[in-house]
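Got the viewer open and a coffee within reach? Let's walk through this one stop by stop, picking a selection at a time and looking at what is there.

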Amino acid sequence: MHSLRKTLNRILDVREGELLRLLLMFGYLLLVIACYVTTKSVRDAMFLKRIGVDQLPYVFILIALVVGVISSAYSRAASRVSLNKLIRTTSLIAISNLFLFWLSLHRTGAWMFYVLYIWVSVFGVITASQFWLLANYVFNPREAKRLFALVGAGGVLGGIFGGYFTKYGAHWFGTENLLLWCMGLMGLTIVIMERVWREASLVPSSSGANQQQQQPQQSETRRLLRLIWGSRHLTMLAAILGITVIVESFVDYQLKFLSNLAFDSQDQLTSFFGTLFAYLGIFSLLFQIFLTGRILKRFGVGASILFMPAGLFAGSLVLALSPSLLAVGFLKISDGSFRYSIHRSGIELLYLPVPMSIKNQVKGFIDMFIDRFGRGLAGLLLIFFSQLLFLSISQLSLLVCSMIGVWVYLSIAIRHEYLNSFRLALEKKALQPEMLRLPIADSATLQPILRVLDSQDERQVLYALSLLEDVSPAVWSAQALPLIQHPSPRVRALVLERLAAQPRIDLEAPVHRCLQDADLEVRAEAVHYLCSLDGAAPETRVGEFLRHPDYVVVAAAVRAISKHQWNAEGLVEQRLIERALEEEGPQREAARVAAAGALGLVAPDSPLLSFLNPLLQDGSVDVARSAIRSCGKLQSREALAQLVPRLADPRLRQDVRQALSQYGARIVGTLHDYLHDPQESLRVRANIPKVLSQINSQEAVDALIRSLPRLDAFLGHRVIKALNKMRISYPRLSFDDQAIDLAILDELKDYYQFGIMLSSEEMEQSGNQAVLRLLRQALHERMDQKLERVFRLLGLRYPPADIYSAYNGLRSQRLHLRASAIEFLDNLLLPSLKQLLFPILEESAADTFLANGSQRFGLQHKTRIAYLEECIAGRDTWLQAISLYVAGELGLVELAAAVRSAGTSESPLIRETAQRSLLLLEGSQAVV
């Protein structure tokens with residue numbers, strides 16, 4: 001099992017804790033689709049043999065009407081119950097209905113076959129909707145992005161399995177008896193759903209699970225229709241989807257008409273439908289795996305949406321010339337194969353440039369409304385052409401060909417609208433680079449991006465270059481020269497780096513001029529480009545730049561070697577370093593920058609490292625920064641004593657953090673010692689947690705967690721923030737739940753302590769109200785900070801996105817958001833945590849608050865003197881200072897001993913405040 005997990009992780013990116021959920025949801029969808037395919041085949045065969053093909057158009061109209069009514073009623077019911085109850089209930093209803101159909105189909109009139117036909121359509125809509133709704137709660141967005149394609153493969157295999165099961169089952173058991181087997185399949189889905197629900201920890205009545213998507217009301221329908229009509233892109237997209245549904249209905253009618261004539265036996269007809277669905281699934285799967293990605297990459301979205309109409313046109317033309325079951329079977333397989341592979345991918349790409357805010361509103365509405373409207377319209381058209389005009393199958397096929405002609409025209413026309421919408425979205429930066437990996441291969445799609453490269457705006461050009469990351473520089477070669485002269489050094493450096501992949505001789509002269517650029521990164525990329533010109537290894541040419549008389553160029557060469565990890569063996573000699581350090585005059589700083597960078601390229605045991613320490617102490621920020629970077633590459637322990645104190649320098653802080661993080665886990669202990677050294681500068685100590693957070697190691701996590709109980713409020717907050725960052729950046733690291741729970745309890749205890757202090761009457765009684773107001777304000781601020789820290793710590797125990805969303809909801813002024821956040825936490829947190837946290841979140845009365853604090857932490861009301869004494873002796877520097885100030889201002893001589901003790905504190909703030917208060921106390925009464 002362990003080897004299976006490792007294989008899946010490597011090949012399919014299935015990570016720890018995901019395999020069981022993936023397999024359960026895969027099996028769930030497989031069973032649902034298999035059941036739908038089987039019931040659909042049974043329905044079609046029984047309806048054709050008992051009712052006749054002439055009634056199909058009327059059924060299409062009835063389906064459009066009934067699905068609309070049932071969907072609306074279903075949505076209202078779904079909003080009142082949790083998702084697991086909803087799925088369980090509808091599945092049980094489906095099982096009972098299947099049994100009733102099996103029991104009554106031969107005992108009732110023809111109307112029951114109409115009911116069965118409509119019921120299967122409703123069943124398909126609801127079960128598919130419920131599955132994907134459940135999938136969105138089982139997998140978080142990041143998991144869904146990776147795993148939904150694998151989950152969806154269960155649907156394709158379910159179609160194949162259902163098709164073959166129907167093919168053979170119709171002969172073995174009889175058509176009607178397949179309904180009993182479908183009952184069993186649906187029963188298995190309930191078992192799987194319950195297990196999935198437990199695995200995902202989805203609890204009934206959770207706020208998320210209750211928020212079912214509502215069916216648009218009539219006024220909302222009009223608003224969405226106006227929104228679609230106001231966009232030519234969306235209007236044409238809706239038209240394509242509508243005509244797709246109509247053509248599909250005509251193809252379905254033709255298939256059933258000819259298959260009904262070809263088979264005399266109901267069981268044979270059911271078996272045929274099963275075989276057809278099986279082949280449809282196989283071709284769809286093969287096309288999706290082997291062709292869809294290649295076609296999209298090579299031809300783009302414009303060609304992808306033409307495959308399905310082209311295939312249907314060819315099939316309809318064949319059917320018009322030779323109306324046979326083989327021809328219509330080919331037509332149906334073309335329809336299904338393209339629909340569920342390349343056509344679906346193409347349609348989804350057409351939504352790409354639609355702003356997310358609009359897409360979220362209209363996509364579901366278009367899918368639902370257009371499907372219902374199209375099927376109803378197709379039913380009316382079939383009645384008109386087949387029963388009033390008496391068109392034959394051949395003539396209907398020619399009619400379908402004309403419809404497909406309109407479809408092709410719309411598909412070609414929408415490409416222009418797609419580009420316009422894409423251009424607008426690009427200008428508004430409404431797209432993300434990762435969204436464009438497929439459509440970027442479409443040459444027409446590139447045009448609006450290439451135009452952005454002419455902009456002088458740094459952010460726009462960098463954004464466009466990020467979209468072109470996977471595109472050959474030859475595509476944007478016309479913009480190359482202006483871009484390497486762009487006002488932004490970030491643009492110049494990035495363009496030179498991209499061009500180095502395919503360097504051109506005609507750019508050699510302008511790139512040479514970049515060697516004198518004011519920005520080091522631009523100069524380094526110019527060296528990178530020039531060393532790549534002849535196609536040889538860059539190391540063979542970089543030596544000439546290291547020997548250049550201008551140290552600005554030498555520094556650039558050193559930076560290029562380091563950045564691109566070229567082999568530096570033999571390139572850095574002692575004479576190079578000595579010559580650079582001897583340089584005086586205008587080139588002194590550039591020479592020392594080059595020397596400091598070059599030292600980062602030598603072996604860790606090289607005698608040249610003796611030159612590094614003086615460079616670390618150099619007064620030039622650029623020289624020190626270069627030396628710091630070299631320390632990070634060499635990971636010299638001897639340099640740590642000079643490196644860590646430089647964290648106090650804001651000019652070098654970021655470089656020092658980066659260098660220290662390169663040492664990795666082996667300096668975690670050293671950094672831990674610095675963090676807890678009271679003799680060390682607070683600025684240095686405050687930056688240690690951030691350095692540790694950049695080290696991807698379990699030792700770093702453990703060191704930070706061990707520090708929590710030993711640090712004051714300021715440093716403790718920095719530690720928690722560092723842990724939060726690691727929780728998100730390095731999800732595979734483990735966090736000691738027990739230690740975190742203890743830290744949460746400590747924070748909650750302080751919160752309760754401060755709350756009880758504020759409720760004390762003695763904190764109100766004083767002639768000097770301004771002093772106590774200052775203390776009360778400080779306590780309120782500390783309570784807010786404690787609550788934030790509690791939620792940050794909860795983000796280490798539970799999914800961070802869930803906790804942060806709940807915290808933001810609790811801070812909202814909108815009551816329903818606060819209520820939703822509390823309801824969500826009620827279903828997420830352990831009971832022991834809820835008992836302590838909820839009295840805070842629900843703003844309990846003072847007596848309830850005190851009772852809760854007393855019961856859990858043994859807290860009781862104390863005198864004002866006792867509270868102040870605790871604060872003076874505590875670890876919170878700010879509360880210590882304020883309490884000392886209050887003691888002096890109010891003349892609380894009972895606190896003289898505590899104040900005197902604080903006068904020896906290592907903190908200047910505490911020491912000076914204590915000395916001032918002690919003088920005030922001595923003035924009010926003699927202090928012994």
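Is Phe390 buried or exposed? Select Phe390 and show its side chain: with a relative accessible area of 63%, Phe390 is exposed, because anything over 50% goes in that class. Bear in mind throughout that you are looking at a predicted model. Phe390 sits in the loop between helix H13 (356–388) and helix H14 (393–427). Check its backbone too: phi is positive, about 55°, although Phe390 is not a glycine. For background, most residues other than glycine have a negative phi.

**Zoom out**

Now colour the chain by secondary structure. You should find 42 helices and zero strands. Of the 928 residues in the chain, 53% are buried. Accessible surface adds up to about 42000 Å², and carbon and sulfur atoms own 57% of that. How many of the contacts between residues at least 6 apart in sequence join residues at least 24 apart? The share is 75%.

**Helix H22**

Select residues 551–564. This is helix H22, with 14 residues, and the distance from its first C-alpha to its last is 20 Å, close to the 20 Å expected at 1.5 Å a residue. Switch on a surface and you'll see that H22 is mostly covered, with eleven of its 14 residues buried. Among them are Tyr551, Val553, Val554, Ala555, Ala556 and Ala557. Further along, Val558, Arg559, Ala560, Ile561 and Ser562 are buried as well.

What does the covering? Show the neighbours: the cover over the buried residues of H22 includes helix H20 (520–531), helix H21 (539–546), helix H23 (574–582), helix H24 (588–599) and helix H26 (621–634).

Next, look at the two ends. At the N-terminal end, select Asp550, which caps H22: one of its side-chain oxygens lies 3.0 Å from the backbone nitrogen of Val552. At the other end, H22 is followed by Gln565. Gln565 lies in the loop between H22 and H23, and here again phi is positive, near 55°, in a residue other than glycine. Gln565 counts as exposed, at 72% relative accessibility.

**Helix H23 and a stop past H24**

Carry on along the chain to H23 and pick Leu576, Ile577 and Ala580, which are buried. Turn the view to look straight down the axis of H23: the buried residues fall within an arc of 95°, so they line one face of the helix. As a reminder, an α-helix has 3.6 residues a turn, so residues three or four places apart point the same way. The cover over the buried residues of H23 includes H21, H22 and H24.

Then jump to Pro607, in the loop between H24 and helix H25 (612–616). Pro607 is exposed, with a relative accessible area of 68%. Measure from its C-alpha to that of Gln574 and you should get 9.0 Å, for two residues that are 33 apart in sequence.

**Salt bridges**

Time to hunt charges. The structure holds 26 salt bridges, and a few make good stops.

- Select Asp737 and Arg797. Their closest N and O atoms are 3.4 Å apart, in a salt bridge. The pair links distant parts of the chain, with Asp737 in helix H33 (residues 737–759) and Arg797 in helix H34 (residues 769–797), 60 residues apart. Asp737 counts as partly exposed at 36% relative accessibility, while Arg797 counts as buried at 18%.
- Select Asp876 and Arg782. This salt bridge has its closest N and O atoms 2.5 Å apart. Asp876 is in the loop between helix H39 (864–873) and helix H40 (877–889), and Arg782 is in helix H34, so the pair ties together parts that are 94 residues apart in sequence. Asp876 counts as buried at 11% relative accessibility, and Arg782 counts as buried at 12%.
- Now select Glu521, Glu525, Arg559 and Lys563. Salt bridges that share partners join these four into one network.
- Finish with Asp44 and Arg43. Their side chains meet in a salt bridge, 2.9 Å from N to O. Are Asp44 and Arg43 buried or exposed? Both are buried.

Technical notes. Residues are numbered from 1 along each chain as its sequence is written. This is a predicted model: local features need pLDDT of at least 70, side-chain atom pairs count only at pLDDT 80 or more; totals for chains, interfaces and linings use all residues. Side-chain values use heavy atoms; hydrogens and water are left out. Helices (H or I, at least four residues) and strands (E, at least two) are DSSP runs, numbered from the N terminus. The expected span of a helix is 1.5 Å times one less than its number of residues. Buried means under 20% relative accessible area, exposed over 50%, partly exposed in between (1.4 Å probe, protein chains only). Contact means heavy atoms within 4.5 Å. A polar contact is a pair of N or O atoms within 3.5 Å; within protein, one must be able to donate a hydrogen and the other to accept it, and residues adjacent in sequence count only if both atoms are side-chain atoms. Accessible areas come from the Shrake-Rupley method with a 1.4 Å probe; for residues, only the protein chains shown count as cover. The arc is that of the directions from the helix axis to the C-beta atoms.
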